[in-house]
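User: Hi! I'm new to reading protein models, and I'd like a close look at a single part of this one. Could you walk me through it slowly?

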Amino acid sequence: KAMPQAWKTVRLLRTFWRKHIRHKWHDYRWLVLGGLWLTTLYLGYTGFARYFVALRETRSPWDLFYLALQLIPLQSGAVPPPIPWELEVARLLAPAVAAYTAVQALAAIFYERLQSLRLRFIRDHVVVCGLGRTGWLLARGFLERGERVVAIEQDEHNDFIQPCREQGAIVLIGDATRREMLRQAGVHKARHLVSVCGDGANAEIAVHARELVGARDGQALSCFVQIVDPQLCNLLREQEITTEMVGSFRLEFFNLFDSGARALLNEHPPFDSTGMTQGRRPHVLVIGLGRLGQSLVVHAARGWWARHPAPDERLRITIIDREADRKVESLRLQYPRLENACELVPQQMDIRWPEFQQARFLFDAHGQCDVTTVYVCLDNDSFGLAAGLALFQHVRGRRIPIVVRMTHDAGLATLLRGVQGSGSFDNLHAFGLLDRTCTPDLLLGGTHEILARAIHEDYVRHQAQLGQTPETNPAMVPWDELPESLKESNRRQADHIGVKLRAIGCGIAPLTDWDAERFEFTPEEVERLARMEHERFVEERVRAGWSYAPGTKNLAGKISPVLVPWDELSEAEREKDRNTVRGLPVFLATVDFQIHR
């Protein structure tokens, strides 16, 4: 028992070093070493001076300085006692500081060879392809979590290479689309692969990674691929769910604008749980209907529809854009329910036009300001801040939040945040898109993870209704407390959804009909899909080393009483699988997909 506890302590200390100390040490190590050298020479000089005074010998300052320097190669410290404490400390400190300095110098000279040696032993790590700002933020986030990170960057002059290395990552210079470079980075041994190199390069990286992983045992490699275009990302995410997982390779697509819209609405919601804003019916103003603005409108509308599905209680959204009419019409075609959920009011204007500066769209016919929340979603930080400040002048003194999208939490965002708290600009908020979306938690909580979590929570809810508890069923715990093996089992169940639906002639499409979660399977379809799920589950468990035994389930011993054919399964166990099948429309709706026949 003592050894596992000791290893646990070591891991905690290593994590603490990585998260709180290592990057600070890299920033100040040469300054600290310089201070140690000066301290060593001063103590050596002072110690020898006191030593010769005690012997009543006279030495010049140059002799004392020379003797202090000779402490480094251990040539002058062996003197008979009594030895002053300054000299005692100096003759121990000098060789130690010299040795550490030499090691650091050699490490700098032979850095590449040392990294190659580290790569031989690293596994279960994170590989990040592309060190733009997105890649750097994700790499830093994983490092702060205590993960080991290997980054691949083609441009050797990239400004983020050195900070990434100082944080503790291994950075390889080369083309991530080359199979050999991915092999050198240990993709076949990694836990996660994140590719942010551009849509075409990302696809090529994913193909090579799948080939390298093959059918390895254990946990699957989760490959996260950034797709810049939101519509293309939705189409690819559809394939991501409907395509059966190949071997041990799980593919996830993500889009920063879609994730950013969700994060922005969570941080600055346009209405509360009752559908009101400060006691008033909400009126949302969106400035700029680009990729972020469109995602924000759709998610806000769907959130409203979930609370108020009645056509006479629509959410009012005013949209300011140079091409507002065309873009709003395009949204209406993509999302047929949008018009039922929202009253969209497009106004075509540029933020530099006098009409925008007058801001009459903020007020109703009686001159009262009826806008409750403003989202500025322009792609240019300077224009966005200028628009936010212009609108702020018209609503000064009113409690109307104005949220300005910024690229990241620096520059103008820092300036804006600096004037907050003074009382004058407290309702003006900066939202750093990259800093809020390029986080491991948001990335890892992708499509498969959300589906797996929803499946587990539905399972726990049904089992609790039957009187099950964590004592009688070890899986009856929150998702975050679930053992990794059971989490992976839920993920593989999510991976299999597309296979089941194809078996009954159904498919998956991006969620445009917000009533789609009411989709119902026929009783025959439920029975067939439940049988398929049980057979998949048994095959997965047997492959993982589980075996059948009557009685209760034993996680540690990998023993389960349900590893039998469907026809021999108890009715209660069959109903578990049926409940999961009935919940598929709701599970898919949580990741913005719907089932169609």
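How many bridges join strand E1 to E4, and do the two run parallel or antiparallel?

Analyst: Happy to help! Please keep in mind that this is a predicted model. Strand E1, residues 126–129, is joined to E4 by four bridges, and the two strands run parallel. Strands of a sheet pair through backbone hydrogen bonds, and the pairing can be either parallel or antiparallel.

Let's stay with E4, which covers residues 192–195. Its side chains alternate: His192 and Val194 point one way, while Leu193 and Ser195 point the other way. Whichever way they point, all of these residues are buried. E4 also pairs with strand E5 (residues 221–226), again in parallel and again over four bridges. Valine 194 is a handy residue to click on here. Standing opposite valine 194 of E4 is valine 128, and the bridge partner of valine 194 in E5 is phenylalanine 224.

With that picture in mind, you can read another sheet further along the chain. Here six strands form an open sheet with parallel pairing, and their order is E9-E8-E7-E10-E11-E12. Strand E9 (342–348) and strand E12 (428–432) are at the edges; each has a single partner strand, so one side of each has no neighbour in the sheet. From one strand to the next, the twist averages 20°. Inside this sheet, strand E7 (residues 283–287) pairs with strand E10 (residues 373–376) over four bridges in the parallel sense. As an example of a matched pair, valine 286 has tyrosine 375 in E10 as its bridge partner.

Now add the helices. Helix H11 (residues 291–307) packs on the sheet and touches E7, E8, E9, E10 and E11, and its direction makes about 175° with that of E8. Helix H15 (residues 381–395) packs on the sheet too, with contacts to E7, E10, E11 and E12; its direction makes about 170° with that of E11.

The loops that follow E8 and E9 are worth a visit as well. Aspartate 350 and arginine 322 form a salt bridge, with their closest N and O atoms 3.5 Å apart. Aspartate 350 sits in the loop between E9 and helix H14 (354–358), and arginine 322 in the loop between E8 and helix H12 (324–334), so this pair ties together parts that are 28 residues apart in sequence. Aspartate 350 counts as buried because its relative accessibility is 7%, and the cut-off for buried is under 20%.

Another salt bridge links arginine 326 to glutamate 323, with the closest N and O atoms 2.1 Å apart. Arginine 326 counts as exposed, at 53% relative accessibility, whereas glutamate 323 is partly exposed at 36%.

Elsewhere, the side chains of arginine 578 and glutamate 571 meet in a salt bridge of 2.6 Å, N to O. Arginine 578 is buried, with a relative accessible area of 8%, but glutamate 571 is partly exposed at 48%. Salt bridges can also link up into a network, as they do for Arg250, Glu449, Glu484, Glu488, Arg491, Arg492 and Asp495. The count for the model comes to 41 salt bridges.

For a contrast with those charged pairs, finish at the surface. Tyr28, Leu31, Val32 and Leu36 form a nonpolar patch there, with about 390 Å² of accessible area together. Leucine 36 belongs to helix H1 (residues 2–54) and is partly exposed, at 31% relative accessible area.

Methods. Residues numbered from 1 in each chain as written. Predicted model: local features only at pLDDT ≥ 70, side-chain atom pairs only at ≥ 80, totals over all residues. Heavy atoms only, no water. Pairing = 2+ DSSP bridges. Axes fitted to C-alpha atoms, helices over the stretch in contact; angles between N-to-C directions. Contact = heavy atoms within 4.5 Å. Patch = residues over 30% accessible without salt bridge, like charges linked within 9 Å, V, L, I, M, F, W, Y side chains within 5 Å. Areas by Shrake-Rupley, 256 points an atom, 1.4 Å probe, with all protein chains shown as cover. Salt bridge = Lys/Arg side-chain N within 4 Å of Asp/Glu carboxyl O. Buried < 20%, exposed > 50% of the residue type's maximum accessible area, 1.4 Å probe, protein only.
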